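Me: I would like to go through this structure by question and answer. Please keep to what can be computed from the atoms.

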2 protein chains.
Amino acid sequence: MDTRTDTPRDAETSPDPLRIERLCVERGLKMTGQRRLIARVLSEAVDHPDVEELYRRALALDSRVSIATVYRTVRLLEEKGILERHDFGGGRARYEATDHGHHYHLIDIDTGKVIEFSDAQHEALAKTIAERLGFVLVGHRLELFGRRPSGAEETPRRGARRRGGETA
Amino acid sequence: MDTRTDTPRDAETSPDPLRIERLCVERGLKMTGQRRLIARVLSEAVDHPDVEELYRRALALDSRVSIATVYRTVRLLEEKGILERHDFGGGRARYEATDHGHHYHLIDIDTGKVIEFSDAQHEALAKTIAERLGFVLVGHRLELFGRRPSGAEETPRRGARRRGGETA
DNA sequence: ATATGTGCAAACCGTTTGCAACACC
DNA sequence: GGTGTTGCAAACGGTTTGCACATAT
């Protein structure tokens with residue numbers, strides 16, 4: 001197993017806009033107009049939007065959605081394993097499609113940006129540790145919080161929030 | 001650096017009941033009756049209680065506390081670096097004293113128990129990964145979710161909750 | 001036709017806060 | 001005695017839900 005590579009995943013890949021909808025149909029979900037709409041927004045997302053943001057993007061395409069439906073849909077898709085919920089701090093849940101592979105997050109604490117990466121060595125290590133402690137690893141969470149070396153301050157932070165960091 | 005040891009920390013060590021209070025005084029906090037009380041509860045805790053639980057334990061010792069004060073104190077101590085807040089899922093923040101060393105958590109998804117461990121190899125790896133991605137590591141979070149091998153079912157789960165796992 | 005999804009607004013739940021009374025230094 | 005803390009209850013913010021209506025299958 002290659003343990004020496006961190007693969008920063010460039011989040012530019014927004015394949016086809018029906019990706020998520022197809023997954024919904026596969027799991028036998030009844031496809032309504034608003035579910036199609038939300039599925040499309042999710043398919044096009046290359047970041048980790050929260051519900052409010054999803055709602056905003058959906059509204060921009062079609063005004064016949066309510067935020068309650070976004071909440072319901074997002075929860076449903078999470079239960080179906082189509083979406084993954086993250087808590088990066090800040091009190092709101094943030095979502096991303098599960099269909100683009102296992103990866104971790106590094107949160108830039110100055111800009112709030114999220115960098116995705118994968119690391120086989122860590123993956124193996126997590127499993128090993130669990131086994132050493134007498135467990136079978138079922139899931140794990142790794143998040144790094146970092147800052148670009150001081151010389152290069154880039155985008156200044158957009159504004160504070162109750163707790164934890166805001167992230168992109 | 002020794003990278004081959006996972007140290008499961010047995011959470012039986014509840015040293016002296018004034019541990020936290022002493023830290024408070026050191027940081028120049030005005031010690032009121034309720035702060036002393038809450039500090040004592042925290043000093044005696046060997047788990048990761050949420051605010052409600054802290055409040056319950058404090059009440060058992062002295063009824064002259066309100067939950068608002070627990071919230072305020074816990075937040076204050078966190079700002080002073082005396083407490084660490086965790087989000088293990090389930091919507092409520094959970095706390096532990098920072099003074100017993102850096103460690104990670106493995107959550108038993110069947111019983112909800114939290115096992116603490118430290119791992120130097122992981123620590124080094126996290127730093128390396130961040131650097132490889134062009135960041136200085138400021139903080140990180142590692143949580144393992146595991147299950148004891150099937151043969152030995154132990155304590156059955158105590159009951160479900162809205163979201164995420166309940167933990168001890 | 002019927003079970004299921006939707007919108008609205010109210011309920012919920014953890015947490016924070018304004019204010020007047022109170023306690024520590 | 002004055003500044004900082006507490007208790008209460010109300011406010012908050014994200015999320016869920018009851019209900020009447022609408023819609024996919």
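The turns below cover the symmetry, the protein interface and then the two DNA strands.

Me: What relation superposes chain A on chain B?
Reply: This is a predicted model. A rotation of 179° with 0.0 Å of shift along its axis places chain A on chain B, with an RMSD of 0.2 Å. That is the relation of a two-fold axis.

Me: Which residue of chain A comes closest to the rotation axis?
Reply: The distance is taken from the C-alpha atom, and for the closest residue of chain A it is 2.3 Å. That residue is A:L142.

Me: Why can the copies be said to meet through the same surface?
Reply: In the contact between the chains, 39 residues of chain A touch 39 residues of chain B. The copies meet through the same surface because the interface residues of chain A are also interface residues in chain B, and the share for which this holds is 100%.

Me: How much area is buried between chain A and chain B?
Reply: The size of an interface is often given as the accessible area lost when the parts come together. Between chain A and chain B, carbon and sulfur atoms give 57% of that area. The total is about 3,700 Å².

Me: How many salt bridges are there between chain A and chain B?
Reply: One salt bridge joins the side chains of B:E143 and A:R141, at 3.0 Å from N to O. Across the interface, ten residue pairs are in polar contact, with both residues at pLDDT 80 or more. The count of salt bridges between chain A and chain B is two.

Me: Which element gives the most residues to the side of chain A that touches chain B?
Reply: Across the interface of chain A and chain B there are ten residue pairs in polar contact. Elements of chain A that each supply at least two residues to this side include β1 (6-9), α5 (120-132) and β6 (136-147). The residues there divide into 18 nonpolar, seven polar and 14 charged. With twelve residues, the element that gives the most is β6(A).

Me: What share of the atoms of DNA strand C within 4 Å of the protein do sugar and phosphate account for?
Reply: There are 22 residues around DNA strand C, and among those that come nearest are A:T32, A:R64 and B:R92. Sugar and phosphate account for 76%.

Me: Which part of DNA strand C lies 2.7 Å from a polar side-chain atom of A:T32?
Reply: For A:Q34, a side-chain N or O atom is 2.7 Å from a sugar or linking oxygen of DNA strand C. A:V65 uses a polar backbone atom, 3.4 Å from a phosphate oxygen of the strand. For the side chain of A:T32, the partner is a phosphate oxygen.

Me: Which element supplies the largest share of the surface near DNA strand C?
Reply: By class, this surface has six nonpolar, seven polar and nine charged residues. Both chains contribute: α2 (33-44) and α4 (67-79) of chain A and α4 (67-79) of chain B each supply at least two residues. The largest share, four residues, comes from α4(B).

Me: Which element supplies the largest share of the surface near DNA strand D?
Reply: A phosphate oxygen of DNA strand D lies 2.7 Å from a polar side-chain atom of A:Y71, and one is 2.9 Å from a side-chain N or O atom of A:R75. Chain B takes part too, with a side-chain N or O atom of B:T32 at 2.7 Å from a phosphate oxygen. Two or more residues come from each of α4 of chain A, α2 (33-44) of chain B and α4 of chain B. The largest share, four residues, comes from α4(A).

Note on methods:
Residues numbered from 1 in each chain as written. Chains lettered and ligands numbered in written order. Predicted model: local features only at pLDDT ≥ 70, side-chain atom pairs only at ≥ 80, totals over all residues. Heavy atoms only, no water. Least-squares fit on C-alpha atoms with pLDDT ≥ 70 in both. Contact = heavy atoms within 4.5 Å. Near = heavy atom within 4 Å. Polar contact = N/O pair within 3.5 Å; in protein donor to acceptor, adjacent residues only side chain to side chain. Nonpolar A, V, L, I, M, F, W, Y, C, P; charged D, E, K, R; others polar. Buried area = accessible area lost by both parts, 1.4 Å probe. Salt bridge = Lys/Arg side-chain N within 4 Å of Asp/Glu carboxyl O.
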